[in-house]
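Thanks for sharing this one with me. Here are my notes, set out point by point so that you can follow along in the viewer.

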Amino acid sequence: MTLESVEGPAGGSVGSAGTGRLPTAGMVLPAVFSLVAEHAELGPAVVASLGRVEERLRTSIAHADPLADTISRHLFDAGGKRIRPLLTILAAHLGRPDRDEVEQAAVVVELTHLATLYHDDVMDSAQFRRGAPSAHQIWGNSVAILAGDLLFARASRLVSDLGGRALAIQASTFERLCLGQLHETVGPAEDEDPVAHYLSVIADKTGSLVAASGQLGAIFAGAEETYVQTMVKYGERIGVAFQLADDVIDVTGARAVSGKTPGTDLREHVPTLPVLLLRRAAAGGDASAVRVLRLVDGDLGSDEALRGAVAAVAEHPATEESWAVARQWADDAVDALAALPDGVVKDALIGFARAVVDRSA
């Protein structure tokens with residue numbers, strides 16, 4: 001479960017007109033952060049910092065061992081929107097953003113994110129990641145897991161230079177990432193509400209690292225502690241909102257917006273929110289939900305069967321209910337920003353929250 005599909009270049013003019021590119025590093029801000037890209041002072045500062053983070057990532061991933069180097073670079077070279085380091089850098093502009101520790105923290109969160117992708121793809125048997133074959137498809141499960149472990153090790157080494165508080169945040173986040181994967185794999189207990197269980201899983205697997213990203217940026221910029229805690233609350237909620245929106249996009253066919261093949265989660269029988277709400281409705285006597293679940297639980301190996309299941313789920317009220325839940329989490333993320341000072345950073349974070357749940361537009 002990853003915050004991976006915010007698409008498009010920024011609409012601002014940083015470096016090259018209309019592209020948001022930094023001339024020397026070629027960095028591009030996602031379109032949802034166009035407010036940052038268009039800002040005369042903040043835009044160049046953010047993309048310049050992202051460019052330096054990118055170079056530090058490249059150096060941090062490098063290995064003397066040729067095989068380890070090739071595998072570790074596989075997903076890094078495939079690209080990515082670098083949302084987590086971007087949030088680290090943005091949060092740092094609530095204090096003194098030019099401190100070196102801010103960029104090192106940004107490298108730590110992205111290395112941690114990359115590591116989770118190697119592991120997630122093995123757990124989910126995913127065939128592709130960022131348009132490239134997943135690592136386990138090329139080198140096998142054991143090698144892919146070890147590649148993720150190597151990246152976790154590099155992240156741990158870097159965060160240890162940042163001091164005890166950063167190390168504690170990283171350890172707590174890593175624990176939650178593991179617990180989220182464990183609970184997702186085992187499933188809810190017999191007496192546990194499946195929807196509540198699912199929300200807890202994605203808070204751990206997605207929300208925790210997004211929260212840590214903003215938290216570390218604010219801490220190392222010397223921002224007020226109120227702002228640090230604000231970024232924790234915002235990050236957790238926006239991470240959950242993003243994953244919930246991704247769930248709905250999977251069953252609405254919005255591939256052009258998200259980059260996902262419609263029905264991927266259905267075909268792999270991943271228990272996402274629309275399906276969980278369908279099961280709740282069916283258990284409550286909703287005959288239409290029962291009919292849709294017959295398609296969802298059937299053989300979805302053929303494209304025709306998958307299209308039928310996607311269409312059926314998309315038309316059921318459970319899908320709109322899922323959107324409502326995602327929007328509520330995004331609204332809660334915006335509410336968490338009340339303590340921040342007015343300005344482009346706050347406006348950009350609000351815009352990101354709105355864009356997360358408007359990706360089907």
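**Notes on the predicted model**

1. Let me begin with Asp193, which counts as partly exposed because its relative accessibility is 34%. Please keep in mind throughout that this is a predicted model. The side chain of Asp193 meets that of Arg280 in a salt bridge, with 3.2 Å from N to O. Asp193 sits in the loop between α8 and α9 (194-220), while Arg280 belongs to helix α13 (residues 273-283), so the pair ties together parts that are 87 residues apart in sequence. Arg280 is partly exposed too, at 43% relative accessibility.

2. Now for the other salt bridges, which number 16 in total. Glu320 pairs with Arg327, and their closest N and O atoms are 3.2 Å apart. Both ends of this pair are partly exposed: Glu320 has a relative accessibility of 45%, and Arg327 has 32%. Arg52, Arg56, Asp100 and Glu103 are joined into one network by salt bridges that share partners. Glu101 and Arg99 form a further bridge, with the closest N and O atoms 3.8 Å apart. Here Glu101 is partly exposed at 29%, and Arg99 is partly exposed at 28%.

3. A word on the overall build. The protein chain contains 17 helices and two strands. Of its 361 residues, 52% count as buried. Among contacts with a separation of 6 or more, 71% come from residues 24 or more positions apart. The chain exposes about 14,900 Å², and carbon and sulfur atoms supply 53% of that area.

4. Next, the interior. The largest nonpolar core holds 104 residues, and those touching the most other members are Phe33, Val46, Tyr234, Ile238, Leu266 and Leu349. In soluble globular proteins, nonpolar side chains tend to be buried together. Leaving aside residues up to four places away in sequence, Tyr234 touches Ala333, Ala336, Leu337, Leu349, Phe352 and Ala353.

5. Helix α17 (residues 344-356) deserves a look of its own. At 1.5 Å a residue, its 13 residues should span 18 Å, and the end C-alpha atoms are indeed 18 Å apart, which agrees. Its buried residues are Val345, Lys346, Ala348, Leu349, Phe352, Ala353, Ala355 and Val356. Their cover includes α1 (34-38), α2 (42-61), α4 (83-92), α10 (225-250) and α16.

6. Is Asp247 buried or exposed? Asp247, which lies in helix α10, counts as buried because its relative accessibility is 0%. Not counting residues up to four places away in sequence, its contacts are Tyr198, Asp265, Thr272, Leu273 and Pro274. I would suggest a look at this acidic residue in your viewer.

7. Pro274 comes up again with Glu321: the C-alpha atoms of the two are separated by 7.9 Å, although they are 47 residues apart along the chain. Glu321 is part of helix α16 (residues 317-336). With a relative accessible area of 40%, Glu321 is partly exposed.

8. Finally, the surface. Which residues make a nonpolar surface patch of about 270 Å²? They are Leu179, Leu182 and Val186. Leu182 is located in helix α8 (residues 164-186), and its relative accessible area of 46% makes it partly exposed.

Technical notes:
Residues are numbered from 1 along each chain as its sequence is written. This is a predicted model: local features need pLDDT of at least 70, side-chain atom pairs count only at pLDDT 80 or more; totals for chains, interfaces and linings use all residues. Side-chain values use heavy atoms; hydrogens and water are left out. A nonpolar core is a set of buried Ala, Val, Leu, Ile, Met, Phe, Trp, Tyr and Cys residues joined through side-chain atoms within 4.5 Å. Buried means under 20% relative accessible area, exposed over 50%, partly exposed in between (1.4 Å probe, protein chains only). Contact means heavy atoms within 4.5 Å. Patches are made of residues with over 30% relative accessible area and no salt bridge: like charges are joined within 9 Å, nonpolar side chains (Val, Leu, Ile, Met, Phe, Trp, Tyr) within 5 Å. Accessible areas come from the Shrake-Rupley method with a 1.4 Å probe; for residues, only the protein chains shown count as cover. A salt bridge is a side-chain nitrogen of Lys or Arg within 4 Å of a carboxyl oxygen of Asp or Glu. Helices (H or I, at least four residues) and strands (E, at least two) are DSSP runs, numbered from the N terminus. The expected span of a helix is 1.5 Å times one less than its number of residues.
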